Amino acid sequence: MERWGLEVPEDALRVEGYLGLTHYRAPKRVAFLVRPDLAHLPLAAFRHLAGLAEMRLLLGLPPDSEVWRVSYRRMHPVEEPDAVWLTLEGPVAVEYDAGAYSRERIRAKGEAFARRFVGQVWGVPIRERVATLKRVLPEASRVLQAAWD
């Protein structure tokens, strides 16, 4: 939490288990400090949230809801991103893919974001996935390697 510029709440709960860096990599023991209202989420959701926090850090953005808004929903419709970056030019869709999205899902989300947002930034945990997303997404999309571990 400190790495991402976030305060650890006094009532934070430690959630532990086995989880891979990506959807298909071998699991390793991980632990997350989470707010009690989020403790019910599965470990994969925390991987996603940690990836988004890493993206925010790479973009040099503060953990401020006036600039960065994260959705805590477990599943999003195709047109709804994981987070929204509020820029002077307008909202930018922010999406994190830990390797579970098919090429068709990536393409559909990228096209939907292109219609609704002034830009889109995607994050992935491994370098190999960067190239895959760049081939499938609209040309103006940004893809960041954002390893959360």
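This is a short dialogue about reading the fold, cores and strand pairing of a predicted model.

Trainee: Let's start with the overall picture. How many helices and strands does the protein chain have?

Mentor: The secondary structure comes to 3 helices and 7 strands. Following the sequence, you meet them in the pattern β-β-α-β-β-β-α-β-α-β.

Trainee: And why does the protein chain count as being as compact as a globular protein of its length?

Mentor: Look at the radius of gyration: the value here is 15 Å, close to the 15 Å that the globule rule gives for 149 residues, so the chain is as compact as a globular protein of that length. Its C-alpha trace spans about 40 × 35 × 25 Å along the principal axes.

Trainee: What share of the residues is buried?

Mentor: Buried residues account for 46% of the 149. As for the surface, the chain exposes about 8300 Å², with carbon and sulfur atoms supplying 52% of that area.

Trainee: Now the interior. Which residues have the most contacts inside the largest nonpolar core?

Mentor: That core has 29 residues, and those with the most contacts inside it are Phe32, Phe46, Met55, Trp68, Trp85 and Trp148. Strands S1 (13-19), S2 (28-34), S4 (83-87) and S5 (90-96), together with helix H1 (43-58), are the elements giving two or more residues to this core. H1 gives the most, with 6 residues. Elsewhere, a second, separate core of 13 residues includes Ile106, Phe113, Val124 and Val130.

Trainee: Let me turn to the strands. What should I know about side chains in a regular strand?

Mentor: They alternate between the two faces of the sheet. For the pairing in this model, begin with strand S3 (residues 68-70), which runs antiparallel to S4 and is joined to it by 3 bridges. There, valine 70 stands opposite alanine 83 of S4.

Trainee: How many residues make up the hairpin connection from S4 to S5?

Mentor: The hairpin joins these strands through 2 residues. S4 and S5 run antiparallel, with 5 bridges between them; in one pairing, leucine 86 has proline 91 in S5 as its bridge partner.

Trainee: One last residue: is glutamate 104 buried or exposed?

Mentor: Exposed means over 50% relative accessible area. Glutamate 104 has 56% relative accessibility, so it counts as exposed. This glutamate sits in helix H2 (residues 103-116). Glutamate 104 and valine 136 are 32 residues apart in sequence, yet their C-alpha atoms are 8.5 Å apart in space.

Trainee: What does the chain-wide contact pattern look like?

Mentor: Of the contacts between residues at least 6 apart in sequence, 54% join residues at least 24 apart.

Technical notes: Residues are numbered from 1 along each chain as its sequence is written. This is a predicted model: local features need pLDDT of at least 70, side-chain atom pairs count only at pLDDT 80 or more; totals for chains, interfaces and linings use all residues. Side-chain values use heavy atoms; hydrogens and water are left out. A nonpolar core is a set of buried Ala, Val, Leu, Ile, Met, Phe, Trp, Tyr and Cys residues joined through side-chain atoms within 4.5 Å. Buried means under 20% relative accessible area, exposed over 50%, partly exposed in between (1.4 Å probe, protein chains only). Helices (H or I, at least four residues) and strands (E, at least two) are DSSP runs, numbered from the N terminus. Two strands pair if DSSP finds at least two bridges between them. The radius of gyration is taken over C-alpha atoms; the globule rule is 2.2 Å times the number of residues to the power 0.38. Contact means heavy atoms within 4.5 Å. Accessible areas come from the Shrake-Rupley method with a 1.4 Å probe; for residues, only the protein chains shown count as cover.
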